[in-house]
Structures are given as structure tokens and as C-alpha cells.
Amino acid sequence: MKSGGKLERILESGVFAVTAELGPPKGPNLEVVQTKMGLLTGVCDAINITDNQTAIVRLSSVAACALLAQKGLEPVMQMTCRDRNRLAIQADLFGAVALGVRNLLCLTGDHQCFGNHPTAKNVYDMDSIQLIQMVKRMRDESLTQGGDPVDGPMPLFIGGAANPFGDPFEFRVIRLAKKVAAGVDFIQTQCIFDLPRFKEFMVRVVDRGLHEKVHILAGVMPLKSAGAARYINNNVAGIKVPDEIVKRMEGAGRGKKAQAEGLKLCAEIIQEVRQMPGVHGVHIMAVEWEEAIAQITEQAGLLPRPTI
Amino acid sequence: MTEGNKIVLLGCAHSAGEVVADLAARGLALPAHVEWVSVPCGSTIDELLMLRAFESGAGQVMVLACYNGACRSVDGSLWAEKRARAARALLEEAGIAGWRLQFCNIAPNMAADLPQWIEEFREPVVAEESK
Amino acid sequence: MSQRVPVEKKVMVLGDTPEAGRVAHDLLGLGYLVHWVSFEDTPIRTSFANSARDNQSREAELAKLADARLAFYGDCNLVALEGDVGQFTARLRRDGEMLSLDAAALVVATGNERYYPAERYKLSLSSNVLTVSQIQRQLDAVRGAGAALPHRHERILVMLDLGGETARETATETLRLAIRLREEWRGEVYAFYQNLKVDTPGYERLTREMREKGVVFCRYAEPQITVDEKGIAVAYVEGTVRGELLVLPEAVRPREGTAELAALLRVRVGEDGYFQDINIHHYRPGLSVRKGIYFAGRCHLDVAGDEALSDAALAAANIDALLGEGFLEPEAVIAHVDSYKCIRCLTCIRTCPHAAVELADYQAVTDGDGLPVRSAVTAARVVDLACRGCGACLANCPVRAIELVGQQLPAWMLAKDNPQEISQP
Amino acid sequence: MIVAKRKPLPEIAANLQSTRKLLIVGCNTCVAICLAGGEKEVAVMGSALHLALRNTNPAIVITQRSIERQCEEEFNAPLAEEIAAHDVVLSMACGVGVQTLAEQFPSAIVYPALNTAFMGRPEERGIWSERCAGCGNCVLDKFGGVCPIARCSKNLLNGPCGGSEQGKCEVDPKNIDCAWQLIYDRLSRIGQLDRLLEVEPPKDWSTSRHGGPRKIVREDMVL
């Protein structure tokens, strides 16, 4: 065992894993975290805590993860390279591990121009692959990036992201292989709407044998409306929502009806990706819609979650 | 002519120049407060020429170039228009209202139009003076 | 102050087309030396013969080919064009060897390219759906054999246009073909049109002739053509005509490589992909943005055969107007670069619409005793003869190193410092 | 070359409200080539300031000069008397030129007229784009001659990120090419794609600005 955490145990046992995303509040309001924790308890195996997601300042992922760990839940701490240099990242990792965090998702991070502090100076001292490599060395060799010994064990299950929809497509699987070479243990992908392209991606992943070296969790997102589908398609680089999905959402009407269709669609996508070789779980990103997770997992037949 | 009342016409010899010559031939000289400056083409007109026209005492500057597609040097009228836009932005930065610089496309046979344009261009200034 | 520069009456003609032949023919008649360069290996001689005026025999034209004043260069690649009006040097590659040709002026007469616009027509060719050229070849083959043609088709349907405008060249050909089909195949001929290009020279005469010969004209609003085993049906505003053969005009487009050739010659290509920008009065008669480079015929205009030849004649006349006196002189207003102020930023070279500015090595200047006055320098230089005096270079020069010689401007504009101080006594 | 852009006129004029004699000094090297601070722009600035100050400081006297390279003391030296005779010097050079004047003429008040932006090249007339970030440790050999430090919005050494779409960067898809698409295309063209299989280790930033202000000493040129 690398981390001894629940997510690692579930994935190693071969159970189809479910992770979900929890966005911390834009302030120190812990009640929000607690409410969302309640919505996610029992419906997933681990909870990702975002790190200043889309470059918008929020309660820190270290603090929220510590709270989750305290309450006996399984946090996946997201860590971007945008806001911290290698010193700050390592310091936060020491703190997180000390407070019970066992899973880390290593990200490059959205550019600050998309967030609420576009005039900020970014850091990008390292990129996500270098971050993975650094954490692996901290865990396995007990050395900091600078080469000093780490005082105490660093049992972390190391995650990374993959975007099968970005360009150049041919390079996407190669880049995943680089993450595997750097030491990643699990992958959570960008939101999948374009199933044929994801399928092609997974075929290439399996061809290279990467699925035997890393656990791939397919990223999914419930759509609230046709407008949301169009917005994502037009404004989020690296996510494509195919026309037929937009049409299907349009056909579902508005409000609750559209939301119900979005949940149904999400559950269907989960069932589709579950059939694909090499997919070991799903990661559900219901942005500011955490109550959706229970319904999606229910509809997708993923409940109850095992107790390992 | 009083300081600030002067209008400088900065124009291409091939179109505006013909118009001015045509007017003169008909005995219709430009008003005394109008200074005509002929350049070989709209391409010659840059921010500096326009700013200096104001600096030399003009209260208004009218830039005249051929119609697009009628410029002997292909892009001269487009250049003049873009430069006028840039000069207007610079004038605004300097605290001079942008409308004081006007760009017009003109053809050699438009002698009937130019005096009217000048009149209309002057209107706000005349209104200001009569207050 | 006379700045006359003697020029040789030597012209290069580019292209293997009848209009290129016409330019060459006319220039030879005016006593010019002609280099005729083709980029293809097709026999350039045919073009020359085809360009013959009606009243001159092909034989007499061919005899001219022996004229020492005309030199052919077939199957060449233009690698570079150096120099300017009065003194162009073309670098050509032929059979792997480099070749340099001088000329005082240059005519581009490369023509256009034919194609079958399958996407626009939404019809594929078959044994009973043929292009005008395909039918022409059949007719010519029979005519060449001197045999009478068997009566093959009861009813022939000819589209004069389809899915948009037809080029004048192919439109005229289609009318001529309709007449031939009436005369030689003696079938019923129906001509369908949406918009007749009545402003095309000779079009009216041809349509009248068609009517006289019994071609039936049918106007259609929306093209509705059905092709099946039973034959072909074309719907028009008053009904539907069925027939056995459908004839379609071909379309034309800019020749492949037009943009590349334009870049080499430093001339422009319009939005339609043909040579030349649309410019109402100066560029329509085949003048390029560069002095000494002309366009003739279908490489820059939508013209039918005869009109292409008259455009070529116009190009030859334009060249004679430029070079006929045997000398060139600069225009009254031209730009001049102060080579010692120039910072070689290349802006003027990139800006000049007439490609009249180049980077040049200025020689050192010495005084009467051989002592240096100014050292050698590399800087922008305006080619006097190529400059049209527009002043675009001057307006863009970041160090005010360019002036317009011959242009009167108020002192307040030219002042090096600010005018307030200048005007102060 | 160094690419710069004129500051907004009000920002420049704000410093000149009580100036009696102003000397504008242009630089005829990089900033002239990028059409920001050569003799022509100096003349435009002179006129624009006259107009901008015509109500608040009409008596201002503006002298215009342009010199070869403002970052060299030798080229600036002939201006010594004129600089002494003016209240304010408005430098239309890059930040290096401004500081050279300030260093060379310690009692002169020197203000910048330009915002110095980047090291780049003209893509075409009137369009300049960044090519080098001066990191002090060139990696162009590894990336097919396309710099990920200067040209990737996140300076990724193991890119591309998920925001690369159809060759464009999500930060500004209209204007920014994805450097990693360019790197991928170039390496593929020259048959060196295998270079991208290696994980590129974290960069040593000590040679860049992050190591503090830099200085290069070429010992054999110094006595």
C-alpha cells in the first residue's frame, strides 16, 4: 500500500470506484463544506476538494481536506501549480499529510485570467508532471525536491488529470504515459460528453498497456440545461459537447425537467464508460450541484458504496 | 481668421485636389478660414500631419481621400482612414474632442459636396461661437 | 532637370495562352524584342497560332516564329524576379539549369484554369451528362474525320448557367456549342438559363443566332434536374422538358500557383484569387501595382476568348506607351531616402504598395581629392523609376528619413522640431 | 528586439503640468523599429503634448531629440548640456534607455514615455509578438526551436495543458498560438518527437530574473 487510504484500497480491490467533487466556499464559511459533506456521504468513495478552481479564490483545499479527514471522510486534495512555488507546495503537502490527507490530485491549474484576480502574478514554477514526480520522490525516497530528507512518512496516493479532448489528440495518450512514468497512481479525466473520442482515447491507452499501470477514473458532469451545454461547448477550452447532447437537452424542456434529463444523461454516460476496458471508476463533477451526486449514482446503479 | 477657427483640409491631390481645382475654376474659392493642403495620396497622411495641423492653429481638420478601390496606390484611402482614427484617439487623449477631426472619402466629381461638408463640419463651432 | 533613363524595347511575356501570343504578336509588330516564357511543357507555338487575327493566316504567323526577335522558353520555373521597371531580371530554372533573362517590362498572361464544378452543380458526369468540352471534342473528332454525324439525340438539354454565374468565357462557348448541336447533330436543343449574361460582348448576337436556328430558350427559377434511367428532366418556369443528353458548361478558377507567382512578382491577387485588386480606373486596364508589370486576359479578368485577345492588345499598347520613346523618367513627385538616417527597419519596404523600395548598398562618397565624405552604408533605397510618389513610405518611416521630392508642403508640417518654435521669430 | 508601446498620453502629461522646459529623447534602435520611440514618434509626442498641455501649461517649451541607442552612454553624452538646460527629460526608449539616462545624468528628472513589453519580432508590418523571456538557460534545442517559457501561457515544460484547442491557447484563442502545438508540429516535422517522451525536470530558475538582477562579465574583455 502506498497510502493506505480508502480510495487506493477500493481501486486495488477492483471495485468500480466513485469520486465526487466538492467546491469550498468563497470565504471561511465552514457550514457550506459541512452541508456538502452531508450530501456526499455514502454516495461516493472519495471527495475531491478543488484548489481555487477556475482561479477563483476559495477556502483552501488543505483546510477543507483536513476537516473531511477529521470527520472520517476520504478527501482527495487538489493542488495546482498556479499559486504556489515548489516551497509552498511541499509545505502544504507536509501539513495535509500530517492532518490525515492520503490522496493528492496534481494539476497545472487554470490560468488566472479566467478567475476573479486576473491581474495576479502566476507562479507555474513547476508543471503537473513535475509535481507528480516530486511527490513520488517525497513518498518513495523521502526526499524533498531540493534533495533534503523529509522528516516523517508521506503516504500519498498520487493522482493526475488527463484531457482526452484537448489538442494535439495524438499527443494526449503520450502525455498520459509521461504522467505514468512520472509516478501517477490514478487519473481523473476531463468531463466526457464526446463518447466516441473518449473511446478512441481509451483504446490507445489500453494498446499501450497504461491501464495496467494506472487507475483511470472517467470524468462526468451532469448538465442542468441546454444553455449550460452550449456554454461549456463555447467557453471551456478542451471540452466538447456534441450537438446531439445539446439537442437532447433542448428537447427536455426547462427547469426541473431539464435537470432530470441531465442526471439521466450523466448516468447513461457512466454506464457507457463503465463498459470500456481500462476504466476503473468515475469522477463526478457536479459544480455547485452536489445534491445531484446521490441521484446520479443511484440511477447508474452504483449504490450502495462498499465499505472496505 | 481667429485662432482655433481655422479648418485644415488635408487631402489627396487626385480626388480632393481635383475638387478644389474645380471649385476654383468655377470661381468658388474655399472660405478664408479654410487652409487647403494637398498631399499626393491618402497614404502620405499620418498622425503627425494631422496633429501638426491642430498645433498650427487649426480648430478642425478634415482628411479627404479617394474612395476605396479608387486609390492610385491601392490602399491609400484605407491608410488615411486608419490613421485618422488613430489620430482621433490621440486627440481625445490630449483632451480635444474627436469630432474635430473628420475623415471623408471623396471623388474628383464631387465639387458640389465639399463646400456643404465644410459648412456642416463647422456647424457645432458656429453654434458654440454664437452662444 | 531631365532624368531620362534609356531603356531597351525588350519585354517578357509569361504564360502559354492565346492572349500571351497576342501580346507577343503585337509587340513584335511594334519592333520589340520578346522573351516568351511558359511554365508548362505544352507547345507554346499553338498558343501563338491560335492568337492570330482572323484575317491573318496561320502560316504567316508561324513563319514569324523564326523571327530572331522572338525567343521561346518553354517548361520554365520562375525562381525570382529582380530589378524594376526598365531593368527586370528574371531567374528561371529549366531542365535543372538556371537561366537569366532581362526585360524592361513584363506581361503576365497565364490564363485561368478549367474545372468541372461538381459541388456547385450537384450533378456527376456520366454518358448522358457531359461538359461542353466533352461534346466539343466529339464534334471536332467527327468533323476532322469528314464524316456526317449520325443522328444520335432527339433532344439535347443545354444548361447556360447552374448554381450561380457562369464565367463569360465558358458561357460564350456554351452558346456556340448549342448552335453547333443544332447544325451538326440536328437535334432539338433546349437552352436553360436563370440569368443571361447579356453584357458579354457578342452574347446578344449569339443568342439571336440561336433563336434563328431554332434553339428553344427556357428560363428557370430554381434548378430542378432529374437524371435517371428514363433520361433527363429539367424543370423550368412553365413546365418540364425531358431529353436524352444534358450539356453543362465548365467553370473557371484562378490557375494553380497564381498566389505564389504574384508573391514572386510582388504584385497583388484580388479576393477572387485572380491577379490584381479591383480598382476602378487605374488597374482595370491590366496595370499591376508595380510599374512595368502588366496583366493580360483571363489571368485577371472574366472575359470570353475574343475579349481576352483585345485585353492582350491593350496590354501591348500600354507597354508601348511606357517604353515606346526608348527612355523612362521618374514621376514629378517621388520619395527619397536619406541613407544615413535610415535604420534599416524595413517598414518602407514592407509598406510600399508599388514594391518600389529595396535594401541597397550605398557606395562610399569621396571628394575631389579622393578623401572620404561619407562611408558606404546599407539602407533603404527608393527606385526612382518605380516610385509613384504616394508617400506611404514617408508616413510610415519611424525616423523621418524619407522625403517627397517635388511635393510642396507647409513648413509647419515638415518642421523637424515642433512648429511653435519654428514659427517664433 | 525589445518591443515597447507608448504610454497613455494623460499618464505622461500628468507628470508635466509644471514643467517649463521639456526634452523628449527618442531612441533610434529597437523602439524605433517597433514604431514606438523613434524620431517620428518623438515628433508625434511633441505635438500631442503641446495639444494636451495647451490649457494647463501653455508656456511649456518642448525640444525633441533622437539618438542612435539610448542604452549607451557614448550616444547620450552629446545631450549633456541640453539635459542640464531642461527641467524634465521624457525618454522614449525602453526601460534600459530610461535608466541609462537617469544613471548618466544623476540630477536629471527622467520620465518614461513607453511601456517596455517584451523581446520579440515583427510577425508582419505592425504586429509584434514575444519570442524570448530571457530565462538565462536556453532550452530551444529540446523544443524544436519553439520556446515554452516565453510562448506557453503557463510556461509548461511538459505540456500541453488541457486548454489547447485547434492549435490555440485558451487564454486568448484569437491571438495566442498554443506553443505546445507548435512544439509538437515542429518536432514531428524534424523527426524528433521522441524528445517529448522524457519527463522534463523542474527548471532551474536561478539563471532567470528569479535569481535576482543579472550581470554578465566577460573576463577577457575586462582589465
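**Confidence, chain B.** I looked up pLDDT, the predictor's confidence in each residue, from 0 to 100, for the elements of chain B. Helix α4 (residues 114-130) of chain B has the lowest mean pLDDT, 90, and strand β4 (residues 101-105) of chain B has the highest, 97. For chain B as a whole the mean pLDDT is 92, and 97% of its residues reach 70 or more. Helices (H or I, at least four residues) and strands (E, at least two) are DSSP runs, numbered from the N terminus.

**Ground rules.** I note that this is a predicted model, in which local features need pLDDT of at least 70, side-chain atom pairs count only at pLDDT 80 or more, and totals for chains, interfaces and linings use all residues. Residues are numbered from 1 along each chain as its sequence is written, while chains are lettered from A and ligands numbered from 1 in the order in which they are written.

**Chain B against chain D.** I took two residues to be in contact if their C-beta atoms, placed from the backbone, lie within 7 Å. On that basis 11 residues of chain B are in contact with 11 residues of chain D. On the chain B side, α2 (47-55) and α3 (76-93) each supply at least two residues. The most comes from α2(B), with six residues. I sorted the chain B side by type and found six nonpolar residues, one polar and four charged. Here Ala, Val, Leu, Ile, Met, Phe, Trp, Tyr, Cys and Pro count as nonpolar, Asp, Glu, Lys and Arg as charged, and the others, Gly among them, as polar.

**Chain A, overall.** I found 11 helices and eight strands in chain A. The C-alpha trace of chain A spans about 60 × 45 × 45 Å along its principal axes. Its radius of gyration is 18 Å, which agrees with the value near 19 Å for a compact globule of 308 residues. The radius is taken over C-alpha atoms, and the globule rule is 2.2 Å times the number of residues to the power 0.38. In chain A, 54% of the 308 residues count as buried. A residue is buried if 20 or more other C-beta atoms, placed from the backbone, lie within 10 Å of its own, exposed if 12 or fewer, and partly exposed in between.

**Chain A, the barrel.** Which strands form the closed barrel of chain A? I traced eight, in the order β1-β2-β3-β4-β5-β6-β7-β8, with parallel pairing; two strands pair if DSSP finds at least two bridges between them. Neighbouring strands of this sheet are turned by 30° against each other on average, direction ignored. One pair is β4 (residues 103-107) and β5 (residues 157-162) of chain A, joined in the parallel sense over four bridges. There L104(A) has I158(A) in β5(A) as its bridge partner.

**Chain A, helix α1.** In helix α1 (residues 6-13) of chain A, I found K6(A), L7(A), E8(A), I10(A) and L11(A) buried. After α1(A) comes G14(A), with a positive phi near 90°.

**Chain C.** I found 13 helices and 26 strands in chain C. Buried residues make up 41% of its 425 residues.

**F143(D).** Where does F143(D) sit? It lies in the loop between β7 (127-132) and α7 (148-151) of chain D. F143(D) is buried, with 25 other C-beta atoms within 10 Å. Leaving aside its neighbours within four places in sequence, F143(D) is in contact with P148(D) and I183(D).

Terms used: Axes are lines fitted to C-alpha atoms, for helices over the stretch in contact, and angles run from 0 to 180 degrees between N-to-C directions.
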